[in-house]
Amino acid sequence: MFDGADTVVLYEELAFQDVLPVIWRQMPNPADREMAAGFTERNLQILQAWDAIDEHGSVEKSDENAPYAADIMRLDLKLNLLLDMVGQILAANRPRPTAVPVRFNALGGMWRGTAPLPEAGEQGVAEIYLHDCLVQPLRLPGRVTNVTPDGQVKVRFAPVGEAVADLIEKLAFRRHRRQIAGSRQPRRGTG
C-alpha cells in the first residue's frame with residue numbers, strides 16, 4: 001500500500017518530477033512587469049497544451065450510453081501517434097538542452113546542472129521543455145538559492161500567477177496520482 005514515502009516535494013509543496021531538457025539562462029536583472037506578463041501568458045498556453053496532450057481518458061468497454069467511445073478512443077490514439085511523430089521531427093530540427101532529472105512546482109525547481117554552473121544569488125530563467133511536440137519551454141524566472149558541488153541547482157521562482165500555478169499544481173498532482181496507482185498495482189510473478 002502507498003504510504004506517501006515517495007511523494008515528490010519541493011519547498012514543502014507537491015512537485016512534478018521527470019527527466020526533461022532544462023537550461024538556466026542568466027539575466028542581469030529580474031524580469032520586469034511586461035516580461036513577466038509575457039512569460040505568464042506563454043506559460044499558460046504551454047501548460048494548457050500539455051494538459052490536453054496528457055489527458056489519457058481510457059475507455060475499456062463501450063456501453064449503451066457511449067456508443068462511439070471505441071471510435072473516439074481510436075481517434076485519440078491516432079492523434080497521439082501523430083503528435084509524437086511531429087514531436088520527433090521538431091526535436092530533430094530544433095536541438096534542445098540535455099534531458100536531466102528535474103523537480104519543480106510553482107515555487108521553484110531543482111535539477112542537475114551542467115558546466116558552467118550558475119552561482120547562488122544569480123537571477124535568470126529556468127527553461128523546462130515538457131514534451132517533444134511543444135516547441136516552447138516553460139520559462140520560469142527566479143533566483144538561484146543553492147548549487148551543490150555535484151551540480152544540483154535549486155531555484156526559487158518569482159510568482160508565476162494564479163492560473164499558471166494552478167496548472168503546475170494539477171500537473172504535479174496528476175503525476176503523483178499515477179505514481180500512487182502504479183504502486184498499488186499487484187506485481188505479477190512468473191510462477
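The largest pocket of this structure has a volume of about 280 Å³. Its lining is made of 16 residues, and those closest to the centre are Ile 23, Trp 24, Gly 113, Thr 114 and Pro 116. Keep in mind that the model is predicted.

Which elements build this lining? Strands S3 and S5 each supply at least two residues to the largest pocket. S3 makes the largest contribution, with three residues. By class, the lining of the largest pocket holds eleven nonpolar, three polar and two charged residues.

Trp 24 is a good place to start, as one of the residues closest to the centre of the largest pocket. The structure holds two aromatic pairs. Trp 24 forms one of them with Trp 111. The ring centres of Trp 24 and Trp 111 are 6.3 Å apart, and the planes meet at 35 degrees. That pair is tilted. Trp 24 belongs to strand S3 and Trp 111 to strand S5 (residues 108-112), so the contact ties together parts of the chain that are 87 residues apart in sequence. Are these two residues buried or exposed? Both Trp 24 and Trp 111 are buried.

The other aromatic pair joins Phe 16 and Phe 104. Why does this pair count as tilted? The ring centres of Phe 16 and Phe 104 lie 5.5 Å apart with their planes at 55 degrees, so the pair is tilted; planes over 60 degrees apart would count as edge-to-face. This pair also links distant parts of the chain. Phe 16 is in strand S3 (residues 16-26), Phe 104 is in strand S4 (residues 99-104), and 88 residues separate them. Both Phe 16 and Phe 104 are buried.

Now follow S3 to its strand partner. S3 and S6 run antiparallel and are joined by five bridges. Trp 24 stands opposite Ala 126 in S6. How many residues of S6 are buried? Six of the six residues of S6 (residues 123-128) are buried, so this strand is largely enclosed by the rest of the structure.

S6 pairs in turn with strand S7 (residues 138-147). Six bridges hold this pairing, again in the antiparallel sense. Ala 126 has Leu 140 as its bridge partner in S7. Ala 126 can thus be traced to both sides: Trp 24 stands opposite this residue, and Leu 140 is its bridge partner in S7.

S6 and S7 also lead to the second largest pocket. About 180 Å³ of space lies there. The second largest pocket is lined by 19 residues, of which Pro 30, Ala 31, Pro 141, Gly 142 and Ala 158 lie nearest its centre. Helix H1 (33-54), S6 and S7 each give two or more residues to this lining. Which element gives the most? S7 does, with five residues. The lining of the second largest pocket divides into eleven nonpolar, six polar and two charged residues.

One last site is the ring of Tyr 11, where two charged side chains come in. The charged end of Lys 154 sits over the ring, 4.8 Å from its centre. Arg 156 lies over the face of Tyr 11 as well, at 3.9 Å from the ring centre.

Terms used
Residues numbered from 1 in each chain as written. Predicted model: local features only at pLDDT ≥ 70, side-chain atom pairs only at ≥ 80, totals over all residues. Heavy atoms only, no water. Phe/Tyr/Trp six-rings, centres within 6.5 Å; stacked < 30°, edge-to-face > 60°. Helix = DSSP H or I, 4+ residues; strand = E, 2+ residues; numbered from the N terminus. Buried < 20%, exposed > 50% of the residue type's maximum accessible area, 1.4 Å probe, protein only. Lys NZ or Arg CZ within 6 Å of the ring centre and 35° of its normal. Pairing = 2+ DSSP bridges. 1 Å grid on protein atoms, 1.4 Å probe; cavity = no way out; pocket = protein on both sides within 12 Å on 5 of 7 lines; lining within 4 Å. Points joined across faces, edges and corners; volume = space filled by probe spheres on them. Nonpolar A, V, L, I, M, F, W, Y, C, P; charged D, E, K, R; others polar.
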